[in-house]
Amino acid sequence: MTTETMTPKFDIAQTSGQFSTFYVGDLYFGVDVLHVQEVLCFQPMTPVPQAPEVIEGLINLRGQIVTAIDMRRRLRLPARTGCQARMNIVVRTVGGAVSLLVDEIGDVLDMDASIYERPPENLDSSAKELIRGVYKLKDRLLLVLDEERSVDLAVGRVS
Amino acid sequence: MQDQDVIREFLVESHENLSRLDQEIVELEKRPKDAALLASIFRSIHTIKGTCGFFAFSTLERITHQAEGLLCQLRDGQLELSPSLISLILETVDATRKVLASIETSGEEGPDAFEDLAERLRVAAQWKVDAGVESAPGAEGLDASPPCVAEANGGSSSSAPELGGQSWAGADGEDRRKGEDRRKEKDRRQEEGRREEDVQRHSAAADANIRVGVGLLDKLMDLVGELVLTRNQILQFNTEREDAALNATSQRLNLITSELQAGVMKTRMQPIGMVWNQLPRVVRDMSVALGKQIRLQMDGADTELDRTIIEAIKDPLVHLVRNACDHGVELPEVRVRASKRAEGILTLRAYHEGGQVNIEIGDDGAGIDVARVKQKAIEKGLLRPEQLEKLSDREILNLIFQPGFSTAQTVTNLSGRGVGMDVVKSHVEKIGGTVDVFSRAGEGATVKIKIPLTLAIIPGLVITSGGERFVIPQISLLELIRMDGDSTEKHIEYVHGTPVFRRRGSLLPIAYLNHVLGLKSAGRAEAVNIVVLQAEDRQFGLVVDGINDTQEIVVKPLGKQLKGLTLYAGATIMGDGRVALILDVLGIGQGSGVFAAHHEQARASGPQKAQSEIEKQRMLLFRAGSFERLAVPLSLVARLEVFPQSAIERAGAGQVVQYRDRILPLVSLRAVLESSGHDEEPQPDPVQVVVFNDGDRSVGMVVDQILDVVEEAIAVRQKTGRKGLLGSAVIGQRVTDFLDLNEIIQAAAESWFQGVGGQAGDKRILVAEASAFSRCMIRSGLEMAGYRVLEAGNLEDAVHALEGQPVDVVVASWDLPPEGSTALLAAMQRRPEWAKIPVLALADSNKPTQSAAARKAGFQDCQGKFDRIRVLESVAQLVSKAASAEAETVCAGEVG
């Protein structure tokens, strides 16, 4: 096993395994289920004046203060119409837990490396930097979200 | 395979030993003849050597062994201590530290074998041994004073028989080994005896103390933080319900949580000496390198601080000490020329003051040359000459904290690279502290650091703005100002578009929190709240929509996404479970632009003057029942007395005591404040009593404990609702309740004074005073004397009150907003029906000049604001004078 391939282990872990899926706009995303701490319905939120606009606010997660990032604004998608409550996906990152605000939660899916591909080159730059790759499902595409880069606001910033 | 735990234990122990060694060796240099000190050093080295022999760390063993040999010579007086020897020993300590660090990271001793050092140590010891043998040939043969090499050998073989013996037998000279077995045996026995003693001493210490991981303490602190938050939630919940059982339980929870919090905080406290330990070494190395003579004096090494703060100030302290050695203390010849002692003195002081810890680093050197600082500031382009003209010396001195500033003539490799003082400042400010520098030419300079005791849980003021709650750390809070809507326009003025507020005669820059944060303003509010804040040494007023509450809050860090925002210091969780942001006062000040022009600002008055203008009062603090901190102005207190329980008698419904041939009625404060059945708790014996004089009658108030007398500026937060209390304020960083003496005395001693105030009858007194707190104090005094009291907070209110109903006497504070009480007097003079009303001016008690000015201005009388008796006397006089004047006019009218 040790000399079998030079491919970094990292890639194998990323290209197969279980993914927690969710919807933002008409995009279908997945994050590695091992990086998801929990999924919550919309929480009371404290806005942070003068913060970058992708930051929706702060939530109290059992005494821990967690920053919530609006994924629509993060991906530069149009703001959501209607008043349906958004969902929190709390992901574990190097800098601590961060909540991603998404439209809807999907299933947890098993993915196989055989249907994995790098993200298309012509993807919009705002999304491209946050997406690791794509799983070609039968009826649609599942975009693998890089949670570390998503919560790092320096990534994809247009000055 | 070595047991990792045992090695870890060894490392911890060795590090402890080494830090003690550093200190002891420097100490030894001063007292070379101190045998106990030498023995202790010897023991420390010996312990390290013994253990590393056990682990087969050969490099370490080799150097410690040689050092031990050298020390042994010193101990037995065969070798004279010299600075070069001390340096050699210190070098050994450093080498040991290096090897230990390598063991810690890699588990191995590392590549450097320190052969050279070992050799030098050996030569140093050997050479002198020979010299010693020559000079005192008889000594070696005597059993009573065994020679040193044997001692060293004995030590090594008893603790690490194989390794120590094998590797070093040759080096020590085989010839000496012969015929020394008996002596060695003896040494070993001695050594063992000493060890047993050590073990006994150690085990005694171990019984009383246990070693706890810092991680566990941090975890505990976090949990206590959570508990405090939950407690706050319960307390809030409690206020919404009318449930006696819940009430009692939550009060108990409150008490226990506070105690637990205090206890856990204490476990995290460490004496500042922990950081200071390394400083003697720093000073010693510096003075050798610079050719200076510096003595380090440390004062208050047992002052305790939270360990997170200890960590944070470590580097700034070392830097400041280096700086003082390098730039502060002069060379010996320079000192002698200036007729000072050749030896410079560096003083470190630490002490607690008002909930903060002060650390001072002072030297008796040349002081900071203000002219050079000026010149440097211009050279470095920090300021223009005309800007410097406007600055006071103190402000110029503080320029050394600007980035890129260094006045050292030469850049040494020790300090003076122009980074440093600004780093010190930013480090200290990061933990909520302040740095200040004082200097007297030729006498030295002192850097003073003020830091909070702890960071984790702080008192904060909760405010609202734009519909959101925010917390302001109480440490930066100076006072709260509330103005009613109508008068707002007049109070906040604009200088070239910048809002300012006239506060007691000086201009305070104003920022609107809503604007700073880009929030919607709440529209026209009926009142304007200004929170006066201080960051660094600058003050500004922050206009907020509402002021809610003070709370103990637990500071939680913000995620890294928000780290770039300077407006917030963190976040906390409020009683209702929602998150609230903690404002960073410095950041808000910068964000709003009130600080931006700080160098240009013509601050002619200077920060110190502004400071002294804050209302200061002497307050007596005490404790009663569940009220941990209660206060009354000291000016109202006649005496503090202690009576034995047996002296207390019952008379009528209450308790009395015979006092100076009179009967002094006693009021149990606990009974008044906690009307529930708490009174069956036995009162302590003897009883502590605060005696109040009011005219010719006295009342004694029984309290549990007198805590303190403080003189402090008071930020009052007005809140009534509880019987017997006027409201709360922050004194010494803690929320303190103010007693309503009037109500307390009325409530419990009614029977004693009924009808006493009768003669004052229906006289109306108008009290015009800006501070709600002072107004309340004066009001309760007057009401107790039987007057009816009207209140006014400013000129407009006062005129309004005068229009409303006839008033017999007006009592107006000297600094009545907006323009002082003379404006009120002038307004009254204009109306013939008011012109005759006597006006008593209230001056700040410590300013006699105001009193003279008041009489000149046409006031009938002037008294100190908190001198209750004199105020009452004066009012009584004025009332009777007015009455007789009225009678005269009536008579005159009849005659005419």
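The exercises below, each with a worked solution, deal with the contact between two chains, their sheets and a salt bridge.

The model is predicted, so that local features need pLDDT of at least 70 and side-chain atom pairs count only at pLDDT 80 or more, while totals for chains, interfaces and linings use all residues. Residues are numbered from 1 along each chain as its sequence is written, chains are lettered from A in the order in which they are written, and side-chain values use heavy atoms, with hydrogens and water left out.

**Exercise 1.** Describe the interface of chain B and chain A, beginning with its area.

*Solution.* Begin with the residues in contact (heavy atoms within 4.5 Å): chain B gives 23 residues and chain A gives 22 residues. Next comes the buried area, which is the accessible area (1.4 Å probe) that two parts lose on being put together, summed over both; here the value is about 1800 Å², and carbon and sulfur atoms give 64% of it. Then turn to the elements, where helices (H or I, at least four residues) and strands (E, at least two) are DSSP runs numbered from the N terminus. Strand 9 (468-473), helix 22 (513-517), strand 17 (568-573) and strand 18 (579-583) of chain B each supply at least two residues of the side that touches chain A, and the largest share, four residues, comes from strand 17 of chain B.

**Exercise 2.** Work out the strand order of the open sheet of five strands in chain B, and find its edge strands.

*Solution.* Two strands pair if DSSP finds at least two bridges between them, and with this rule the order is 16-8-9-18-17, with mixed pairing. The edge strands are strand 16 (546-554) and strand 17 of chain B, each of which pairs on one side only. Now look at one pairing in detail: strand 8 (residues 457-465) and strand 16 of chain B run antiparallel and are joined by eight bridges, and Val462(B) has Asp549(B) in strand 16 as its bridge partner.

**Exercise 3.** Which strands stand at the edges of the open sheet of six strands in chain A?

*Solution.* First write down the order, 8-1-2-11-10-9, in which the pairing is mixed. Strand 8 (104-111) and strand 9 (116-117) of chain A stand at the edges with a single partner strand each, so one side of each is left without a neighbour in the sheet. Within the sheet, strand 2 (residues 27-32) and strand 11 (residues 141-145) of chain A pair in the parallel sense over two bridges, and Gly30(A) has Val144(A) as its bridge partner.

**Exercise 4.** Locate the two residues of the salt bridge that Asp70(A) forms.

*Solution.* A salt bridge is a side-chain nitrogen of Lys or Arg within 4 Å of a carboxyl oxygen of Asp or Glu. Asp70(A) pairs with Arg86(A), and the closest N and O atoms are 3.1 Å apart. Asp70(A) lies in strand 5 (residues 64-70) of chain A, whereas Arg86(A) lies in the loop between helix 2 (71-74) and strand 6 (87-93), 16 residues apart.
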